[in-house]
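Visitor: I've got a structure here that I'd like to walk through with you. Could you show me what's inside?

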Amino acid sequence: MAQEAATVTSIHDLADRIRDASAPGAGPDPERVRDLLREALDAPADWIHPAYQQLVEGEYALYPVYRAEDGRCSMLVVVLRPGIPLPVHNHGSWAVIGVYKGREHETWFRRVDDGSVPGRAQLEVDQTFINERGTASVVPDGRIHTVEAMDGQQAVSIHVYGTDIVSQQRSEFDPVTGTERVFRPPFAGSDAANKPG
């Protein structure tokens, strides 16, 4: 008989489960991370500390809550202001995104140029999704996307990456002007060890 998974009690509890699921000498498998995230999102309790759900100013807030010592995994809690999409960006690795509160509209882009001209990138819309609360999905390595909170409400989501997203070199894109530049989003501190549970 299969044993029922214990309910996640905090964002750091989830980070521990993801770390423990990693193979020795390798980062976690994104499909396994997606399954763990789905299990966690099934919990009815509000288990992410309110300090990670704050959006005091700006268009979004990025809270680093876990960064593996070997740089093969990291996790953010992301808070989005409604009606303002994140900059179109890439990750430099796979990502798994789980919606904790609210609903998100996600757009995936396809790059149609060959990348040979620095600072230029031609994109076209590939797919769009409505991600409901409890949704957890894999964003493949190399994917370019943006996410926006819907319904006039803030959205809170958990983002897990196969890299240290705080130090990862990434790009921001403007599909209208066809430009690409270095993406340096503002993180709400980078020391998760001193943060609330």
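What follows is a set of questions and answers on the cavities, cores and strands of this predicted model.

Visitor: Let's start with the empty space. How many cavities of 30 Å³ or more does a search of the whole structure find?
Guide: The search covers the whole structure, with 30 Å³ as the lower limit. The largest cavity comes to about 80 Å³, and the second largest holds about 30 Å³ of space. The count of cavities found is two.

Visitor: Which elements give two or more residues to the lining of the largest cavity?
Guide: Begin with the lining itself: Tyr60, Leu62, Leu76, Val78, Leu86, His89, His159, Tyr161, Arg170, Phe183 and Pro185. Now set those against the strand ranges, 60-67 for S1, 74-80 for S2 and 155-161 for S9. The elements with two or more lining residues are S1, S2 and S9.

Visitor: And how many residues of that lining are charged?
Guide: The lining includes Arg170, along with residues such as Leu62 and His89. By class, eight of the lining residues are nonpolar and two are polar. That leaves the charged class, with one.

Visitor: Over to the second largest cavity. Which helices each supply at least two residues of its lining?
Guide: The residues around this one are Val8, Leu14, Arg17, Leu36 and Glu39. By class they are three nonpolar, no polar and two charged. Check them against the helix ranges, 11-20 and 30-41, and you get helix H1 and helix H2.

Visitor: Glu39 caught my eye. How far apart in space are Ala6 and Glu39, C-alpha to C-alpha?
Guide: Ala6 sits in the segment before H1, and Ala6 is exposed, with a relative accessible area of 53%. Glu39, for its part, is one of the residues lining the second largest cavity. Along the sequence the two are 33 residues apart, but in space the C-alpha to C-alpha distance is 9.2 Å.

Visitor: Now for the packing. Which element gives the largest share of the largest nonpolar core?
Guide: That core has 32 residues, and Ile11, Leu14, Trp47, Met75 and Ile158 have the most contacts inside it. At least two residues each come from H1, H2, S1, S2, S4, S7 and S9. The largest share is five residues, and it comes from H2.

Visitor: Which residues of H1 are buried?
Guide: Two of the best-connected core residues, Ile11 and Leu14, are a good place to start. The cover over the buried part of H1 includes H2, S1, S2 and S9. In full, the buried residues of H1 are Ile11, Asp13, Leu14, Ala15 and Ile18.

Visitor: Ile158 came up among the core residues. Which residues does Ile158 touch, leaving out those up to four places away in sequence?
Guide: Ile158 is among the residues with the most contacts inside the largest core. Its partners come from several stretches of the chain, so to speak, and are best simply read off. They are Ile11, Leu14, Leu37, Leu41, Trp47, Ile48, Met75, Leu76, Val96, Ile97 and Gly98.

Visitor: Which residue in S9 stands opposite Ile97?
Guide: S4 is mostly covered, with six of its seven residues buried. S4 joins antiparallel S7 through four bridges, where Ala95 has Val139 as its bridge partner. S4 also pairs with S9 in the antiparallel sense, over six bridges. On that S9 side, the residue opposite Ile97 is His159.

Visitor: Is strand S8 largely enclosed or left open by the rest of the structure?
Guide: S8 covers residues 144-149 and runs antiparallel to S5, with six bridges joining the two. One facing pair is Glu106 and Val147, the latter in S8. Five of the six residues of S8 are buried, so the strand is largely enclosed.

Visitor: Staying with S5, is Thr107 buried or exposed?
Guide: Thr107 is found in strand S5. Leaving out residues up to four places away in sequence, Thr107 touches Val125, Gln127, Thr128, Ile144, His145 and Thr146. Its relative accessible area is 10%, and under 20% counts as buried, so Thr107 is buried.

Visitor: One last thing: what is the phi of Asp151?
Guide: Asp151 lies in the loop between S8 and S9. Asp151 isn't a glycine, yet its phi is positive, at about 65°.

Note on methods:
Residues are numbered from 1 along each chain as its sequence is written. This is a predicted model: local features need pLDDT of at least 70, side-chain atom pairs count only at pLDDT 80 or more; totals for chains, interfaces and linings use all residues. Side-chain values use heavy atoms; hydrogens and water are left out. On a 1 Å grid over the protein atoms alone, a cavity is a set of points where a 1.4 Å probe fits but cannot get out, and a pocket is an open set with protein on both sides within 12 Å along at least five of seven lines; lining residues have an atom within 4 Å of a point. Grid points are joined across faces, edges and corners, and a volume is the space filled by probe spheres set on the points. Ala, Val, Leu, Ile, Met, Phe, Trp, Tyr, Cys and Pro count as nonpolar, Asp, Glu, Lys and Arg as charged, and the others, Gly among them, as polar. A nonpolar core is a set of buried Ala, Val, Leu, Ile, Met, Phe, Trp, Tyr and Cys residues joined through side-chain atoms within 4.5 Å. Buried means under 20% relative accessible area, exposed over 50%, partly exposed in between (1.4 Å probe, protein chains only). Contact means heavy atoms within 4.5 Å. Two strands pair if DSSP finds at least two bridges between them.
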